[in-house]
Amino acid sequence: MIDIWCNGKEIVIQCCSCQRVRNDAGEWQDVKEIRQGEKTLFSHSVCPMCLVDLYPELVSAINLTL
Ligand SMILES: [Zn+2]
């Protein structure tokens, strides 16, 4: 488990499509379930579930196993 810190701020990876966030265990959960504070920074990505929906050709092209 790796915690990412940037100048004392915690970085949370959020899916830009469904708004779920990735927790420390690498699982994607609803944004309301995580603790948010003044020090939380959001970085946006796409979760595996949305990746399949949004970019199916990309998933098949790289033979991604989810
Ligand atoms: Zn998503």
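Helices and strands here are DSSP runs, at least four residues long for a helix (H or I) and at least two for a strand (E), and they are numbered from the N terminus. On that basis, the protein, which is a predicted model, has two helices and five strands. The order is easy to remember: reading from the N terminus, the elements go β-β-β-β-β-α-α.

How much of the chain ends up buried? Just 5% of the 66 residues count as such. As for contacts, among those that link residues at least 6 apart in sequence, 51% bring together residues at least 24 apart.

Confidence comes next. The mean pLDDT of the protein is 82, and 80% of the residues reach at least 70. Broken down by element, helix 1 comes out with the highest mean, 93, while strand 1 (residues 5–6) sits at the lowest, 52. Where pLDDT is low, the predicted coordinates are not something to read in detail.

On to strand 2, which covers residues 9–15. Valine 12 belongs to this strand, and its contact list takes in Val21, Ile34, Thr40, Leu41 and Phe42 once neighbours within four places in sequence are set aside. One of these partners, threonine 40, lies 28 residues away along the chain, yet the C-alpha to C-alpha distance is 6.8 Å. Is valine 12 buried or partly exposed? A buried residue needs 20 or more other C-beta atoms within 10 Å; valine 12 has 18, so it is classed as partly exposed.

Glutamate 10 is also placed in strand 2. Its C-beta has 16 neighbours inside 10 Å, so glutamate 10 counts as partly exposed. Between glutamate 10 and glutamate 38 there are 9.4 Å from C-alpha to C-alpha, with a sequence separation of 28 residues.

After strand 2 comes a loop that leads to strand 3 (21–22), and glutamine 19 is part of that loop. What is unusual about the backbone of glutamine 19, given that it is not a glycine? Its phi is positive, at about 70°. The neighbour count for glutamine 19 is 14 C-beta atoms inside 10 Å, and therefore this residue counts as partly exposed.

The two helices can be taken together through a pair of residues. Leucine 51 sits in helix 1, which spans residues 48–54, and valine 59 sits in helix 2, which spans residues 56–61. Which residues does leucine 51 touch, leaving out those up to four places away in sequence? The partners are Val46 and Val59, so the contact with Val59 ties a residue of helix 1 to a residue of helix 2. Leucine 51 is partly exposed because 17 C-beta neighbours fall inside 10 Å, and valine 59 is partly exposed because its own count is 16.

Two further C-alpha distances help to place this pair. Leucine 51 is 9.7 Å from cysteine 15, with their positions 36 residues apart in sequence. Valine 59 is 9.3 Å from proline 48, and those two are 11 residues apart along the chain.

Terms used. Residues are numbered from 1 along each chain as its sequence is written. This is a predicted model: local features need pLDDT of at least 70, side-chain atom pairs count only at pLDDT 80 or more; totals for chains, interfaces and linings use all residues. A residue is buried if 20 or more other C-beta atoms lie within 10 Å of its own, exposed if 12 or fewer, and partly exposed in between; C-beta atoms are placed from the backbone. Two residues are in contact if their C-beta atoms, placed from the backbone, lie within 7 Å. pLDDT is the predictor's confidence in each residue, from 0 to 100.
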